[in-house]
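Work through the exercises below with the sequence and the model side by side. Try each task before reading its solution.

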Amino acid sequence: RDPWGYGNEDGPDAWHKDYPIAQGNRQSPIDIIPEEAVHDASLSPIFLSYDYCNSINIYNNGHSVIVEFDDTDDRTVIRGGPLDNAYRLKQFHFHWGGKGNHGSEHTVRGKTYASELHLVHWNAAKYKTFGEAAAGPDGLAVIAIFLEKGDEHRGLHKITDAFYMVKFKGSVADFKGFNPKILLPNSLVYWTYPGSLTTPPLHESVTWIVLKEPITVSEKQMGRFRMLLISGEEEDDRTRMENNFRPPQPLKGRKVRASSN
Ligand SMILES: CCN[C@H]1CN(CCOCC)S(=O)(=O)c2sc(S(N)(=O)=O)cc21
Ligand SMILES: [Zn+2]
């Protein structure tokens, strides 16, 4: 198992020992205070070109459940907003809690949500490989969407119905033709700020785009997330995958900007 996790010994408070950047100046997530966000009229809307979306597989890496995409061309990209060029969709994954309404990574005036979806994109115009982009200051753009406990989300069903195939750490299954467009809320109004990966290696390479409007998820659907395990099939322990979120980090003088549409 990776030397890091979300437990008492290997959790977020211990990560700085192996990843000193954990105490850096542009760490994520953060607590967003809407009244303190700078309204920037020059921020254009975010454009998601997800029509030729092509998911490949779904897998469990022991930290989260991830759906991967074919990023060999600019078929599935985001543009606009704070971004200088097109960023290619590489994968999406989630962070969630044990029960109740905690589990998100970003918070809004201290409010937590049951889960948070991250759509990870990389700057293929500037970096040759995803790995290089993941380590570059403007290498990644992650769209964060809050999942609020409420009615069931029909778009999420296809994903939660596939979890039984990737119960164990290291398991992977075919997952083709899923278009994450159905996971978007009605409004693409967002906050944006310069930050980092929220898991090791915690690279300070992410332009965060946090959507204001959450989508809803039912308690039953959240239960499906919690049947995933961090243990491998060959291990004898059966530890549930839950509370895989990093708490908010110091803003260190960064400005959060708010879009208008
Ligand atoms: C468990 C490791 N999670 C990492 C793995 N990647 C980064 C390193 O990759 C190098 C090839 S990543 O760019 O896919 C990525 S995005 C996020 S988050 N939660 O900030 O959206 C975490 C991670
Ligand atoms: Zn994430």
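The exercises go from the metal site to the ligand, the strands and the loops.

This is a predicted model: local features need pLDDT of at least 70, side-chain atom pairs count only at pLDDT 80 or more, and totals for chains, interfaces and linings use all residues. Residues are numbered from 1 along each chain as its sequence is written, chains are lettered from A and ligands numbered from 1 in the order in which they are written, and side-chain values use heavy atoms, without hydrogens and water.

**Exercise 1. The metal site**

Find the residues that coordinate the zinc ion (ligand 2), and state the arrangement of the donor atoms.

Solution.
- Step 1: list the donors, meaning N, O and S atoms within 2.8 Å of the metal (3.2 Å for Na, K and Ca); water is not among the atoms, so sites may look incomplete.
- Step 2: read off the protein ligands. They are His 93 (NE2), His 95 (NE2) and His 118 (ND1), at 2.0 to 2.1 Å.
- Step 3: check the angles. Four donor atoms surround the zinc ion (ligand 2), and they subtend 100 to 115°, so the arrangement is tetrahedral. Four donors earn that label if all angles lie between 85 and 135 degrees.
- Step 4: go back to the sequence. The spacing of the donors is H-x1-H-x22-H.
- Step 5: place the ends of that pattern. His 93 is in strand β7 (residues 87-96) and His 118 in strand β9 (residues 115-122), 25 residues apart, so the pair links distant parts of the chain. Strands (E, at least two residues) and helices (H or I, at least four) are DSSP runs, numbered from the N terminus.
- Step 6: check exposure. His 93 and His 118 are both buried. Buried means under 20% relative accessible area, exposed over 50%, and partly exposed in between (1.4 Å probe, protein chains only).

**Exercise 2. The organic question: ligand 1**

Which residues are closest to ligand 1, and how much of its accessible area does the protein cover?

Solution.
- Step 1: count the surroundings. 16 residues surround ligand 1, each with a heavy atom within 4 Å.
- Step 2: name the closest. They are Gln 91, His 95, Phe 130, Thr 198 and Thr 199.
- Step 3: look for polar contacts, pairs of N or O atoms within 3.5 Å; within protein, one must be able to donate a hydrogen and the other to accept it, and residues adjacent in sequence count only if both atoms are side-chain atoms.
- Step 4: start with oxygen. An oxygen atom of ligand 1 is 2.9 Å from an N or O atom in the Gln 91 side chain.
- Step 5: turn to nitrogen. The side chain of His 93 has an N or O atom 3.3 Å from a nitrogen atom of ligand 1. For His 95, a polar side-chain atom lies 3.2 Å from a nitrogen atom of ligand 1.
- Step 6: read the cover. On its own, ligand 1 has 550 Å² of accessible area, and the protein covers 79% of that. Accessible areas come from the Shrake-Rupley method with a 1.4 Å probe; for residues, only the protein chains shown count as cover.

**Exercise 3. Two strands**

Describe the setting of strands β3 and β12.

Solution.
- Step 1: take β3 (residues 46-49). Ile 46 and Leu 48 point to one face and are buried, while Phe 47 and Ser 49 point to the other and are not. Side chains in a regular strand alternate between the two faces of the sheet.
- Step 2: find the partner of β3. Four bridges pair it with strand β6 (residues 77-80) in the antiparallel sense; two strands pair if DSSP finds at least two bridges between them. Leu 48 has Ile 78 in β6 as its bridge partner.
- Step 3: take β12 (residues 190-195). Five of its six residues are buried, so β12 is largely enclosed by the rest of the structure.
- Step 4: find the neighbours of β12. Six bridges join β12 to antiparallel strand β13 (residues 206-211), with Gly 195 opposite Val 206. Two bridges join β12 to strand β15 (residues 257-258), also antiparallel, and there Trp 191 partners Ala 258.

**Exercise 4. Backbone details**

Locate the cis peptide bonds at Pro 29 and Pro 201, and describe Arg 109.

Solution.
- Step 1: Ser 28 and Pro 29 are joined by a cis peptide bond, with omega about 0°.
- Step 2: the bond from Pro 200 to Pro 201 is cis, with omega near 10°. Pro 201 sits in the loop between β12 and β13.
- Step 3: Arg 109 is not glycine, yet its phi is positive, near 55°. Arg 109 counts as exposed, at 51% relative accessibility.

Note on methods:
Tetrahedral: all angles 85-135°; square planar, octahedral: opposite > 155°, others 65-115°.
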